[in-house]
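Student: I have a new model open and I'd like to practise reading it feature by feature. Can we go through it together, starting with the charged side chains?

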Amino acid sequence: MEKQPRLLASQLFLKNSVFEVLLNGVLLTWKEIPDNKKVVSGSIHHPFKVGTSHSVSVSEILAVRELDVDGGTKDGRWQKMPQKLTEAYPYAFTVSYVERARQHRWRCSDVTFHCSEGALCQQWIQTIREQLTALTNRPKHLLVYINPYGGKQQGKCIYEQKVAPLFACASISTDVIVTENANHARDHLKTEAELKKYDGVVCVGGDGMFSEIVHGLVSRTQRDNGVDQNSLEEKLVPCTLRIGIIPAGSTDCICYATVGINDPVTSALHVIVGDSQPMDVCSVHHNNTFLRYSVSLLGYGFYGDVLADSERKRWMGPARYDFSGFKTFLTHHHYEGAVSFLPATDTLGTPRDKTRCRAGCFICQHDGQLYSGDSPEESKTAPDVSDREYEMGWGVVRGKFLAINAASMSCACPRSPKGLSPAAHLADGTTDLILVRKCSRFNFLRHLLRHTSKDDQFDMTFVEVHRVRRFRFTPRHCQNDSELDLRENGKQLFSQICRDHPACSCSPAYSSWNCDGEILPHAAIEVGVHCQLIKLFARGIEEQPLFEDLANPPCAL
C-alpha cells in the first residue's frame, strides 16, 4: 500500500497525557508520549493504556466540532473541564467516530484533543472537515420513511431517539414521512417523490417496509427509463439511489444479511459513512404479467403454507409464526409439479462450497462484473415442461415436493444463524433453488434442524440445490386451465370432501408462494434474477477477526 503523506502532526493533550497526533489521507492516529515522571491523578478517568496507539479511518470519522472549554461544545453540548487543563490548553476539538463492538455492532465514540493555541485548533478542525467533505460517497440529504405500525410499533421512537441525533451530528438533512397505510411509501416513491433532491432513501421498519421501498424505487426507475416490467426478457435499469434500513420490525432478515445484526444505531452509522452494498433482485411473473420483486426468499410448500396460515392468526402476534410452523409441519402436505431452471454454469461459487458472502466478497465482485444480463444464458427462454431434461441448457425436475425455496441471500436470522442457504451471495446474479422432495416427517425435521447446526443441510437424498439465473414452476393441475378458477373450485371441492370425511388425509392441489413475507396470487410463476439492481447503505458482514482486538488496533505513526 502506498504510504500516505502527512497532513498534520502535533503534540496534543488528551485527558491527562500528551499524545502525538497524526492525520493523513487515510487515518487519524494518536499515540501517548511516555513520561516516566508523570503522575496519573486518580480523579481523572484514563481510558487508554500508557504507550498504546489508536487509529481511526478517516472514512469512519462522523464529524469534528470545536469544544468550548469553559462550558461545552459550540453545538451546545455541555462538558465540564478541569481548571488546570483549561488554563494550559484553552482550546479543544472533539472528533466523533465509529467504534466497533461485539457481534458486528457499531457505536459512536468521541475523543477530545486539547491545544495550547487557537490557530492550531482551527487548523485541525478545518483540515479534518476538508477530508470529510472530500468523501463524495457520503449522503447529504435523505428521504426517510417511518412505519409506525410495524414490529412493536416503536419505529418513530427509534428514529427520533437513536437515529435522528446521529444524522444531525453528521450534518445530514432529512425529509421525514410517517406512513399512514400499507404501500404508502411505495406509492409515494412511484409518483410524487422528487428523487433528484436526495442522495438516498431510508426506511425505518421491518422487511415489509424495505420491500415497499424496493418496489417503489425500482418501479419508478423502470418507468422513467421506459422499461416494461411485464416482460421477463427486459433488462432492468439499476437504481441510482441507495437504500438504508433502520431495523424496527418483527423480522429484519435484510439487516442480518448485509450488516450482521439488527441494531438501529449500527445501521444508521453505515448510512452516515456512505457504505454501498449492491444486491440482486428477483422479478416474479405469471403469464407475462409482473407480480412482485423479491430480495430474500421465495418459498412454495412449507414456507408458503406457514405464511398463509399465520396471516389468518395475526391476532396472536409474533407467536403466530411458531404456531403456524408447528401446525404446517404436522399436516405435512406435499405438492406435485415441475420446476425448470437455467443453471448458472459460469460462476465461481456453488451452493455447497461453504464460502460465506462477506464484506468485499470476491465472488460477488467477480460474478457481478462477469454477468451483464446480455449473456448467452440469459437470452434463452424457458422450454415447456414437456421437453426433455436439459433442453436448451435448462434443467427440469418433476415430482412431489414438500418445499421449493429460492434464496437470493443466506436468509439468516437469530433462530437460524446459517440460514436457508449459507453460501448464497448478495450480488452474484444468481439465486439458490432448493428442492425438498416428499419424505417422512422425521426426515423433513432433520432437514429443518440442519438450519441451526453446522452440518451440511443439503447432504440428504431428498434435498437438491441448484444455483440458477432463472426458474419456472408449473403445478401439475394448472398446465392447461385457468389456475385461479381451479384454485377456487378446488377449495370448494376439497373443503366439502373434508367436511364430510374428517379423517381424510388428502393433500391440497396447491400451496402459496411466500415472496418476502407476502402471498402471491398464483402458483405458476417464472422468476428471473437481475444482478445488482439496487444498492444498500451497507458493506456486507465484516469478518470478526478484523475488530476482535478493540484495545490495541494496528497503527503506525
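Tutor: Sure. A search of the whole structure turns up 22 salt bridges. Keep in mind throughout that this is a predicted model.

Student: What is the general idea behind a salt bridge?

Tutor: Side chains of opposite charge can pair when their charged atoms come close. Here, R186 and D187 give one case: their side chains meet in a salt bridge at 3.0 Å, N to O.

Student: Are R186 and D187 buried or exposed?

Tutor: Neither extreme. R186 has a relative accessible area of 23%, so it is partly exposed, and D187 is also partly exposed, at 34%.

Student: Which residue forms a salt bridge with R312?

Tutor: D309 does, with the closest N and O atoms 3.3 Å apart. Check the surroundings of each partner: R312 is exposed because its relative accessible area is 59%, whereas D309, at 4%, counts as buried.

Student: And how far apart are the closest N and O atoms of D346 and R469?

Tutor: They are 2.8 Å apart, and the two residues form a salt bridge. This pair links distant parts of the chain, as D346 and R469 are 123 residues apart. D346 sits in the loop between β16 (335-343) and α10 (362-370), and R469 belongs to strand β19 (residues 463-475). D346 is partly exposed with 31% relative accessible area, but R469 is buried at 0%.

Student: Which residues are joined into one network by salt bridges that share partners?

Tutor: E60, R100, D275, R539 and E542.

Student: Let's turn to the nonpolar side. How should I think about cores?

Tutor: In soluble globular proteins, nonpolar side chains tend to be buried together. In this model the largest nonpolar core has 63 residues, and Y145, L189, F210 and I534 have the most contacts inside it. Helix α5 (residues 207-224) supplies the largest share of this core, six residues. The core also draws at least three residues from each of domain 2 (137-276 + 537-557) and domain 3 (283-371 + 382-529).

Student: Is there another core to look at?

Tutor: Yes. Apart from that one lies another core, of 25 residues, including L28, V111, F113 and I128.

Student: Which residues does Y145 touch, leaving out those up to four places away in sequence?

Tutor: With that exclusion, the list is I177, T179, A185, H188, L189, A193, V201, V202, C203, V204, M209 and I213.

Student: What about strands? Where do I start?

Tutor: A useful rule is that in a regular strand the side chains alternate between the two faces of the sheet. Then ask what surrounds the strand. Six of the eight residues of strand β5 (residues 61-68) are buried, so β5 is largely enclosed by the rest of the structure.

Student: How many bridges join β5 to strand β7?

Tutor: Six, and β5 and β7 (residues 91-100) run antiparallel. To locate the pairing on screen, pick L67: its bridge partner in β7 is A92.

Student: How do I read an unusual backbone angle?

Tutor: Most residues other than glycine have a negative phi, and most peptide bonds are trans. K15 has a positive phi of about 55° although it is not a glycine. K15 lies in the loop between β1 (6-14) and β2 (17-24), and it is partly exposed because its relative accessible area is 38%.

Student: What is the phi of H104?

Tutor: It is near 70°, again a positive value in a residue other than glycine. H104 lies in the loop between β7 and β8 (106-115). With a relative accessible area of 16%, H104 is buried.

Student: One more loop residue: where is K438 found?

Tutor: In the loop between β18 (431-437) and α12 (441-449). K438 is partly exposed, at 46% relative accessible area. Not counting residues up to four places away in sequence, K438 touches H334, K400, F401 and L402. K438 and V463 are 25 residues apart in sequence and 9.4 Å apart in space, C-alpha to C-alpha.

Student: Can we finish with the whole chain?

Tutor: Its secondary structure comes to 13 helices and 22 strands. Of the 557 residues, 55% count as buried. The chain exposes about 26200 Å², with carbon and sulfur atoms supplying 50% of that area. Among contacts with a separation of 6 or more, residues 24 or more positions apart account for 75%.

Note on methods: Residues numbered from 1 in each chain as written. Predicted model: local features only at pLDDT ≥ 70, side-chain atom pairs only at ≥ 80, totals over all residues. Heavy atoms only, no water. Core = buried A, V, L, I, M, F, W, Y, C linked by side-chain atoms within 4.5 Å. Buried < 20%, exposed > 50% of the residue type's maximum accessible area, 1.4 Å probe, protein only. Helix = DSSP H or I, 4+ residues; strand = E, 2+ residues; numbered from the N terminus. Domains from an automatic or database assignment. Contact = heavy atoms within 4.5 Å. Pairing = 2+ DSSP bridges. Salt bridge = Lys/Arg side-chain N within 4 Å of Asp/Glu carboxyl O. Areas by Shrake-Rupley, 256 points an atom, 1.4 Å probe, with all protein chains shown as cover.
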